[in-house]
Amino acid sequence: MGINLKVDLGAGLKLDNPVLTASGTFGFGHQYAEFIDLNRLGGFIVKGTTLEPRQGNPAPRLVETPSGMINAVGLQNPGVEDFAKYIYPTLTGFTSKVIVNISGAQVSDYVKVAEILAPLEKVSAIEVNISCPNVKGGGMSFGTSPEMAAEVTAAVRKVWPRHMMVKLTPNVTSVVQIAKAVEAAGADSVSLVNTFLAMVVDVERRKACLSTVTGGLSGPAIRPIAVRMVWQVAQAVKIPVVGLGGIMDASDALQFIMAGATAVQIGTANFIDPAASVKVVDGIEDYCRRHNVADISELRGII
Amino acid sequence: MKQVKDFILTGNRTLPSGCHLMTFVPADGAKLPAIEPGQFVQVKVDNSPKAFLRRPISVCDVRYETELVLFVKPQGEGTRCLVELPENSVVNIMLPLGRGFSCDECNGHKVLLVGGGVGAAPLVALCKNLAAGGADVTVAIGGRSRRDVAGVDVLYKPYASKVLVATDDGSCGHKGVVTSLPGFDEHYDRIYCCGPTPMMKAVARIARAKDIWCQVSLENHMACGIGACLCCVENTSDRGNVCVCTEGPVFNINRLQSWE
Ligand SMILES: Cc1cc2nc3c(=O)[nH]c(=O)nc-3n(C[C@H](O)[C@H](O)[C@H](O)COP(=O)(O)OP(=O)(O)OC[C@H]3O[C@@H](n4cnc5c(N)ncnc54)[C@H](O)[C@@H]3O)c2cc1C
Ligand SMILES: Cc1cc2nc3c(=O)[nH]c(=O)nc-3n(C[C@H](O)[C@H](O)[C@H](O)COP(=O)(O)O)c2cc1C
Ligand code: FES
């Protein structure tokens with residue numbers, strides 16, 4: 001029996017299977033090419049890219065937590081010009097979809113990054129990370145206010161011709177409200193969740209473990225909350241939802257799909273097993289075979 | 001080529017210091033890939049519910065192309081569970097990672113290897129390579145007391161021309177920190193160092209003062225181990241924040257910005 005794992009996220013973004021890798025956990029892809037065939041993925045989302053190169057935060061940037069980790073990388077990246085010149089050419093040979101995650105400190109940064117990426121045909125979609133602090137908005141994250149989230153989305157929409165995914169932060173009172181706001185502003189899909197704001201104190205040294213005191217929690221520790229948020233958002237919006245947060249295996253991924261996600265992203269799991277993402281693809285296929293599911297869409301949103 | 005595979009724990013010997021010498025062979029019977037001294041592996045500690053991320057451990061030695069030797073100090077939960085594993089346990093290991101020590105063109109050179117604690121681990125394979133390349137190797141090992149260094153010097157004896165030992169309490173060898181060993185006064189063409197950060201910084205200061213080429217091995221906390229997460233960075237004078245897991249863990253001291 002041929003099982004159809006293909007999914008359509010709309011606006012031209014069609015994936016061979018519902019598995020993507022999450023931004024910031026997969027480098028620019030090549031780090032994983034030694035371990036897996038990247039073409040077996042639905043696509044991969046590369047590291048958050050900003051207008052200017054960024055050195056990120058000072059060390060320490062990492063602390064391990066129960067079933068997870070907190071990072072404070074601070075969007076270290078070579079900048080969009082460097083990406084376009086040196087990294088993009090290494091990505092054009094893949095048959096799986098390449099998605100670029102973009103960030104900025106003000107609306108005009110996002111717009112400029114999207115404009116520079118627009119001519120790069122192999123970039124099938126951008127994922128707009130609205131979890132960054134808005135310098136003009138007083139440092140509050142774009143993603144925490146429906147107005148600011150809609151403003152960034154609408155501005156990028158004007159210059160970005162292909163699929164636009166907007167990535168939501170879970171650090172809000174109502175993620176549904178933000179999701180609806182970006183849908184109305186022109187997003188083609190929403191992905192959630194980004195990391196949860198968290199911190200750990202080293203009591204022996206009487207200091208915070210991270211240089212920035214707080215950072216972003218990821219991994220299985222956040223999964224049940226992420227599944228709940230995806231379930232709520234999927235019922236509230238018409239555009240496709242991409243689910244992520246602590247997915248370690250196919251069964252975790254299927255939780256998100258059954259909760260309403262059209263596709264999923266594998267993040268922190270890549271660090272523990274660099275082949276985690278393709279194992280999720282295989283595991284979903286195996287599940288469908290065992291349960292006589294002919295098309296992955298039969299499982300979507302059944303909860 | 002990097003790989004992730006299951007290994008079988010074939011030997012697990014406790015040294016007086018409480019550190020363990022652990023040997024592994026690939027479960028599929030294959031040969032190990034080429035591994036340079038100073039490169040490391042990422043070990044998955046499945047028998048600990050608390051250890052979520054892999055644990056980076058330097059390669060101590062490779063024997064007969066199939067046997068991987070790790071020198072592990074139980075530090076926290078993850079390493080404690082690792083050293084408690086019984087022989088024949090299956091352990092998932094990712095290797096070889098990072099860039100090791102540069103040991104080419106060492107023929108006729110007088111080199112000093114300085115190791116403290118588990119830092120001594122990667123220096124064993126380095127010592128072997130340098131000796132094979134024609135270098136005259138002096139090894140200096142530091143520890144708090146006899147227990148820390150017992151069973152360590154013998155690892156180097158077959159390859160080094162001299163093995164010097166220093167202990168804080170004088171229970172073995174010279175009394176004092178490793179940098180106070182009289183051997184430090186001699187001239188060396190190169191110094192390689194691995195151990196606790198304060199010790200490496202002290203050695204770096206001496207090397208800098210005498211204008212001696214010197215490499216150290218860093219132990220920044222890591223998640224992926226392959227340059228994907230950017231969690232392990234060190235600030236360098238030439239290229240800003242770089243990943244210790246791919247650019248290092250071995251660095252020439254003149255690149256380390258905060259060590260000036
Ligand atoms: C390149 C490299 C080579 C190393 N080689 C060796 C070796 O040959 N033998 C050996 O015994 N140890 C070595 N270490 C240190 C070893 O990785 C840590 O002792 C170990 O990760 C501690 O884990 P834990 O669960 O026991 O301790 P915990 O303190 O419970 O660990 C909590 C978290 O902090 C991290 N962490 C704690 N201490 C260190 C440290 N010193 N370095 C990196 N991460 C740390 C852990 O990985 C974990 O994510 C090396 C580290 C690096 C980076
Ligand atoms: C080290 C690290 C770096 C990250 N960098 C980014 C980033 O640049 N842009 C972004 O949108 N999300 C970033 N994230 C968030 C992840 O893409 C993902 O949303 C989050 O980790 C939750 O998924 P997970 O639990 O599967 O990892 C990063 C996460 C980690 C762990
Ligand atoms: S540990 Fe992930 S980049 Fe070094």
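## Domains of chain B

The domain bounds used here come from an automatic or database domain assignment. On that basis, chain B splits into domain 1 (3-97), domain 2 (115-210) and domain 3 (218-260). This is a predicted model, in which local features need pLDDT of at least 70, side-chain atom pairs count only at pLDDT 80 or more, and totals for chains, interfaces and linings use all residues. Residues are numbered from 1 along each chain as its sequence is written, chains are lettered from A and ligands numbered from 1 in the order in which they are written, and side-chain values use heavy atoms, with hydrogens and water left out.

How far apart are the C-alpha centres of domain 1 and domain 2 of chain B? The separation is 23 Å. Across this boundary, 15 residues of domain 1 of chain B are in contact (heavy atoms within 4.5 Å) with 14 residues of domain 2 of chain B. Together, these two domains of chain B bury about 1200 Å² (accessible area, 1.4 Å probe, lost on being put together and summed over both parts), and 66% of that falls on carbon and sulfur atoms.

## Where the chains meet

Now to the pairing of the two chains. Chain A brings 30 residues into contact with 26 residues of chain B. The area buried between chain A and chain B is about 2300 Å², with 61% of it on carbon and sulfur atoms. Which three residues supply the most of the area that chain A buries against chain B? They are A:Glu34, A:Glu64 and A:Ile272, which together account for 28% of chain A's buried area, more than any other three residues.

## The site of ligand 1

Around ligand 1 there are 22 residues (each with a heavy atom within 4 Å), and the nearest of them are B:Pro56, B:Phe71, B:Lys73, B:Gly78 and B:Thr79. The surrounding residues come from chains A and B, so this site is shared between chains. By class, the shell holds 10 nonpolar, seven polar (Gly is counted here) and five charged residues.

On the chain B side, β4 (55-63), β5 (67-72) and α1 (77-83) each supply at least two shell residues (elements are DSSP runs numbered from the N terminus: helices H or I of at least four residues, strands E of at least two). The top contributor is β4(B), with four residues. In domain terms, domain 1 and domain 3 of chain B each give at least three residues to this shell.

Three polar contacts (N or O pairs within 3.5 Å) are worth a look. The backbone of B:Gly76 places a polar atom 2.8 Å from an oxygen atom of ligand 1, while a polar backbone atom of B:Gly78 is 2.7 Å from a ligand 1 oxygen. A nitrogen atom of ligand 1 lies 3.1 Å from a polar side-chain atom of B:Glu219. Taken alone, ligand 1 exposes 830 Å² (Shrake-Rupley, 1.4 Å probe), of which the protein buries 85%.

## The site of ligand 2

Ligand 2 also has a place between chains A and B. Its surroundings comprise 24 residues, with A:Ser23, A:Lys167, A:Gly219, A:Gly246 and A:Thr268 coming nearest. What is the make-up of this shell? It divides into 15 polar, seven nonpolar and two charged residues.

Oxygen atoms of ligand 2 take part in several polar contacts. One is 2.6 Å from a polar backbone atom of A:Gly246, and a polar side-chain atom of A:Thr268 lies 2.6 Å from an oxygen atom of ligand 2. For the backbone of A:Gly48, the distance from a polar atom to a ligand 2 oxygen is 3.3 Å. On its own, ligand 2 has 610 Å² of accessible area, and the protein covers 97% of it.

Definitions and conventions
Polar contact = N/O pair within 3.5 Å; in protein donor to acceptor, adjacent residues only side chain to side chain.
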